[in-house]
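Here are a few friendly notes to read alongside the structure. Have it open as you go through the points.

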Amino acid sequence: MAADGTVQQEGLQLAAAVLQSRWAEPFDMWSAVRRAWSGVRDQGGGTQAARTAAMRAAEAVWGGVRVRDVTALPEPALVTGTGFASPAQWADAEFQHRWQQYVLDWCDKLEEALGAATGEGGDGWQLVSGWPLTRKQDAELAYLAQYEQHGPTVPFGGRRGGYGVEPDHAVVLAVPRFAARHAADHTRDDRQRIILGPELVAGTAEPDELDVLALLRGAYPYLPADAEGDGPGARPTAMVTTARAVRRAAQLGRQAAYSGPDSMEVYNDLVVGKYSWVPDDAHPGPAAAEMEHLPVHWLKDWMLCLDVECGMRDETVLHRLYGTVTSYEPGTRQVGFSPAGGHPAISVPVHRIVALSGDRQRRSAGQVPAHEPYEE
């Protein structure tokens, strides 16, 4: 509807008639009508309730105002000039009639457009990042919160809040086709905010779980479900052991120079990226002892990179995750890892980890991405 130039032109003509000075900003009546109407319809309100809300929004600004420029009023006139004490009185009556008719006409057109959009049938689903939709620029998309979420909420880095960086998230929603298109169009210039998935097959109530997980991995590559499917006593895959061997070989000389596994030199080099902790292929081993001796409670003060095997066992890939290490449990062989952006810690089993290290160039939350491909 907003793409129709008529709606803005007519609203601006009415605004010009009551503008208090040539330097004042004209009131955007179309935006007020659209917001009020959408607010009711998005929450499940009916046609009449939405029309009443739009009328009240317009009346709050233009109810009872006086016309200052008669020549700005649209032509032809809709109110006859008889029965008024003065031209000014007629102009005020013409303006009041005009803006009320404007609201009713465009509410009717919005209802027609909504009926055409929702009558297409078929549902789609999509990955929505930047969740929940609470930012000012997300006002147009806030109605998406009413649709069903599928799968978990996953980390999506951080966003600037009133007191620094706060966690950002991504979810998968099943939405009507028109809502999927609208969300994609609205975020066209904000890459990766909305990613559309395939349409749901007619007659099915739920999207396929594997397809949902595939969409979620587009936002964050490691999901708790990945390791849950490995089973008890799972061992590292050939991909992980090969990558570990390469990392060990690259630092043999440096490791021999340390005075012991509990040396502060190990800790200092680890957090700045000069040294990598590589887990044992068979547990327990020297790497497990080394991690037990390291002051893990100090690691949470540093932005580190955790190289992890992501995905289900049949089709895994290596990825680098950025965040902080919060704990290490030698008994369960689990590393507590808080993804970049201040997210709650997730548990990553050691058999999925290739290495833990710092980043030599990027060491703060504002410098690192949430994740990136593994390129060692």
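**Notes on strand E7 and its surroundings**

1. Let's start with strand E7, residues 334-339, in this predicted model. The strand is mostly covered, with five of its six residues buried.

2. On one side, E7 pairs with strand E6 (residues 317-329) in the antiparallel sense, over six bridges. If you would like a pair to look for, Tyr-328 stands opposite Val-335 in E7. The two strands form a hairpin with four residues between them, and Arg-333 in the turn has a positive phi of about 55 degrees.

3. E7 also runs antiparallel to strand E8 (residues 346-349), and four bridges join them. Here Gln-334 has Pro-349 in E8 as its bridge partner. The hairpin of E7 and E8 has six residues between the strands, and in it Gly-341 takes a positive phi near 110 degrees.

4. How many disulfides are there in the whole structure? The search finds zero. Cys-305 is in no disulfide, and the nearest cysteine sulfur, that of Cys-310, is 13 Å away. Cys-310 is likewise in no disulfide. As for accessibility, Cys-305 counts as buried at 1% relative accessibility, and Cys-310 is buried too, with a relative accessible area of 2%.

5. A word on confidence: the protein averages a pLDDT of 83, and 90% of the residues score at least 70. Strand E5 (residues 304-310) has the highest confidence, at 94, while helix H9 (residues 252-257) has the lowest, at a mean of 69. Where pLDDT is low, the predicted coordinates should not be read in detail.

Notes: Residues are numbered from 1 along each chain as its sequence is written. This is a predicted model: local features need pLDDT of at least 70, side-chain atom pairs count only at pLDDT 80 or more; totals for chains, interfaces and linings use all residues. Side-chain values use heavy atoms; hydrogens and water are left out. Buried means under 20% relative accessible area, exposed over 50%, partly exposed in between (1.4 Å probe, protein chains only). Two strands pair if DSSP finds at least two bridges between them. pLDDT is the predictor's confidence in each residue, from 0 to 100. A disulfide is a pair of cysteine sulfur atoms within 2.5 Å.
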